[in-house]
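Open the model in a viewer and keep the selection panel at hand. The stops below can be followed in order.

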Amino acid sequence: MIQFGIISRKFSSSSTVQSAIKNVTIIGGGLMGSGIAQVTAQAGQDVTLVDVNSDVLAKSQKSISNSLIKISKKIHKDNPQEAEKFAKEAFARIKTSTDPVSAVKETDLVIEAIVENLEVKHSLFQKLDNAAPAHTIFASNTSSLSINEIASVVKRKDKFGGLHFFNPVPIMRLLEVVRGMDTTDITFSTMMEWGKSVGKTCVSCKDTPGFIVNRLLVPYIAEAIRLLERGDASARDIDIAMKLGAAYPMGPMELADYVGLDTTKFILDGWSKKYPDQPLFRPIPTLNKLVAEGKLGVKSGEGFYKYEKK
Ligand SMILES: CCCCCCCC(=O)CC(=O)SCCNC(=O)CCNC(=O)[C@H](O)C(C)(C)COP(=O)(O)OP(=O)(O)OC[C@H]1O[C@@H](n2cnc3c(N)ncnc32)[C@H](O)[C@@H]1OP(=O)(O)O
Ligand SMILES: NC(=O)C1=CN([C@@H]2O[C@H](COP(=O)(O)OP(=O)(O)OC[C@H]3O[C@@H](n4cnc5c(N)ncnc54)[C@H](O)[C@@H]3O)[C@@H](O)[C@H]2O)C=CC1
């Protein structure tokens with residue numbers, strides 16, 4: 001039985017955040033961006049969700065609507081009318097756009113959740129830096145890149161940090177708030193307060209590879225794949241072992257399929273290039289083979305397991 005952050009805690013109505021952050025722009029309307037947009041709107045803030053692809057935005061709106069219906073029924077379980085009102089009002093707070101530059105003209109906080117590629121993120125932030133008001137805080141939801149490296153192209157390095165959410169965003173209660181070397185105390189505390197305002201429990205971390213969760217999770221998953229590769233145990237037995245022996249909600253192979261094997265490979269490749277002496281980050285032939293065959297996990301219908309295509 002999972003616990004919903006939204007149910008188990010009241011949203012902070014901290015006047016600092018309410019006055020500082022009223023409009024939030026989320027760039028990237030995929031898996032993570034749509035979830036971040038949803039929790040922001042649930043907290044009563046106005047959101048603009050931006051993606052270069054209008055089909056992605058249509059798909060995101062559908063998944064947000066479905067998720068809001070489920071969540072609102074849980075929050076207002078004895079009051080269907082309130083549940084419907086909650087879901088409708090939250091949905092109505094989300095606007096969509098395909099133009100990042102015009103979407104940041106009046107925003108207080110930008111959260112970038114686009115493809116995990118440093119050059120693409122640089123090109124986006126450079127454009128946004130010229131277009132957004134001076135007070136606007138910029139944050140990246142990167143899983144594996146350095147916040148300092150992403151921030152290197154903007155002038156507002158003092159107003160830049162990491163806001164790292166977890167998948168599925170409406171359910172996972174954690175938010176890692178990451179300080180870059182130039183992030184000021186006021187920017188950092190505003191990001192922490194904002195995280196609380198959207199119902200998350202915030203932890204802070206320096207700008208180190210994978211922050212807290214992925215620094216532990218990526219080597220754990222990599223070691224599980226190496227265990228399978230050596231023929232020491234089957235995928236199913238590894239998963240059963242970690243679910244029943246360590247009380248994880250998903251086993252490591254299931255989680256790798258859920259996150260995406262391409263994403264897992266991408267992170268390992270980046271880190272092994274940057275830290276060649278760290279054996280935990282070394283490339284894994286089994287993983288590389290699955291990705292080369294297009295077996296990317298749940299999203300492609302097959303990874304370590306087979307799935308019905310959505
Ligand atoms: C290699 C690593 C590299 C990392 C790469 C990048 C990744 C990152 O940077 C950081 C990450 O996000 S790491 C991944 C973190 N996430 C996890 O570890 C998820 C582990 N799994 C779970 O917690 C549960 O299986 C889970 C919550 C997913 C599902 O719960 P259950 O297993 O109990 O299964 P369900 O019965 O399907 O779901 C329980 C209830 O939740 C509802 N639900 C699920 N998704 C929802 C959503 N998006 N919105 C609203 N409701 C949702 C679901 O409907 C169900 O409700 P009931 O039917 O009423 O119980
Ligand atoms: N998938 C996961 O479990 C997690 C991913 N992350 C991070 O979040 C970010 C996004 O990941 P996902 O949502 O999984 O990816 P995704 O592939 O589902 O979504 C990315 C979206 O960004 C859009 N996009 C690409 N370039 C753009 C641009 N210049 N302007 C506007 N939109 C653009 C794409 O059209 C796509 O819809 C990445 O940095 C990833 O590392 C963080 C936590 C968990």
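Start with the two domains of this predicted model: the C-alpha centres of domain 1 and domain 2 are 27 Å apart. To colour them, use the bounds from the domain assignment, 23–206 for domain 1 and 214–300 for domain 2. Where the domains touch, domain 1 contributes four residues and domain 2 contributes six residues. On the domain 1 side of that contact there are no nonpolar residues, three polar residues and one charged residue.

**Ligand 1**

Select ligand 1 next. Where does ligand 1 lie with respect to domain 1 and domain 2? Both domains give residues to the shell around ligand 1, so ligand 1 lies between them. Now show the 24 residues around ligand 1; S67, S143, N167, P168 and P249 come nearest. Helices α4, α10 (213–229), α12 (252–259) and α13 (261–274) each supply at least two residues of this shell. Put α10 in its own colour, since the largest share of the shell, five residues, comes from α10. Coloured by class, the shell around ligand 1 shows 17 nonpolar, six polar and one charged residues.

**S67**

From the residues nearest ligand 1, pick S67. S67 sits in helix α4, which covers residues 54–75. Is S67 buried or exposed? S67 is buried, because 20 other C-beta atoms lie within 10 Å and 20 is enough to count as buried. Leaving out residues up to four places away in sequence, S67 touches Q38 and P170.

**Ligand 2**

Move to ligand 2. It is surrounded by 26 residues, and the closest are G28, G30, M32, S143 and N167. Two elements give two or more residues to this shell: α3 (31–42) and α7 (118–131). Of these, α3 gives the most, with three residues. By class, the shell around ligand 2 holds 14 nonpolar, ten polar and two charged residues.

**S143 and N167**

S143 is listed among the nearest residues to ligand 1 and among the closest to ligand 2. Select S143 in the loop between β5 (137–140) and α8 (147–151). S143 counts as buried because it has 23 C-beta neighbours inside 10 Å. Beyond residues up to four places away in sequence, the contacts of S143 are E116, N214 and I267.

N167 likewise appears in the list for ligand 1 and in the list for ligand 2. Look for N167 in the loop between β6 (160–164) and β7 (174–179). With 16 C-beta neighbours inside 10 Å, N167 counts as partly exposed. Apart from neighbours within four places in sequence, N167 is in contact with L31, M32, M172 and V259.

**G30**

Stay at ligand 2 and select G30, one of its closest residues. G30 is in the loop between β1 (23–27) and α3. Its 15 C-beta neighbours inside 10 Å make G30 partly exposed. G30 touches V56 and A113, not counting residues up to four places away in sequence.

**Annotated positions**

Two sets from the UniProt record can be overlaid here. One "binding site" annotation, from an unreviewed entry, covers S67, K74 and S143. These positions are spread over 77 residues of sequence and also in space, up to 29.5 Å between C-alpha atoms.

The other UniProt "binding site" feature, also from an unreviewed entry, is placed at G28, G29, G30, L31, M32, G33, D51, E116, K121, S143, N167 and K299. Do these positions gather at one spot, or which distance separates the farthest two? The farthest two C-alpha atoms are 23.2 Å apart and the positions span 272 residues in sequence, so they do not all gather at one spot.

**Nonpolar cores**

For the last stop, turn to the interior. Nonpolar side chains tend to be buried together in soluble globular proteins. The largest nonpolar core here has 49 residues, and those with the most contacts inside it are I26, I36, A37, L109, V110, I111 and A139. Helix α3 gives the most to this core, with five residues.

Centre the view on I26. Neighbours within four places in sequence aside, I26 is in contact with G33, I36, A37, V47, L49, V50, I111 and A113. Apart from the largest core lies another core, of 24 residues, including L287, L290, L296 and F304.

Notes:
Residues are numbered from 1 along each chain as its sequence is written. Chains are lettered from A and ligands numbered from 1 in the order in which they are written. This is a predicted model: local features need pLDDT of at least 70, side-chain atom pairs count only at pLDDT 80 or more; totals for chains, interfaces and linings use all residues. A residue is near a molecule or strand if its C-beta atom, placed from the backbone, lies within 6 Å of it. Helices (H or I, at least four residues) and strands (E, at least two) are DSSP runs, numbered from the N terminus. Ala, Val, Leu, Ile, Met, Phe, Trp, Tyr, Cys and Pro count as nonpolar, Asp, Glu, Lys and Arg as charged, and the others, Gly among them, as polar. UniProt positions are given in the numbering used here, feature names are shortened, and annotations may be inferred rather than shown by experiment. A residue is buried if 20 or more other C-beta atoms lie within 10 Å of its own, exposed if 12 or fewer, and partly exposed in between; C-beta atoms are placed from the backbone. Two residues are in contact if their C-beta atoms, placed from the backbone, lie within 7 Å. Domain bounds come from an automatic or database domain assignment. A nonpolar core is a set of buried Ala, Val, Leu, Ile, Met, Phe, Trp, Tyr and Cys residues joined through C-beta atoms within 7 Å.
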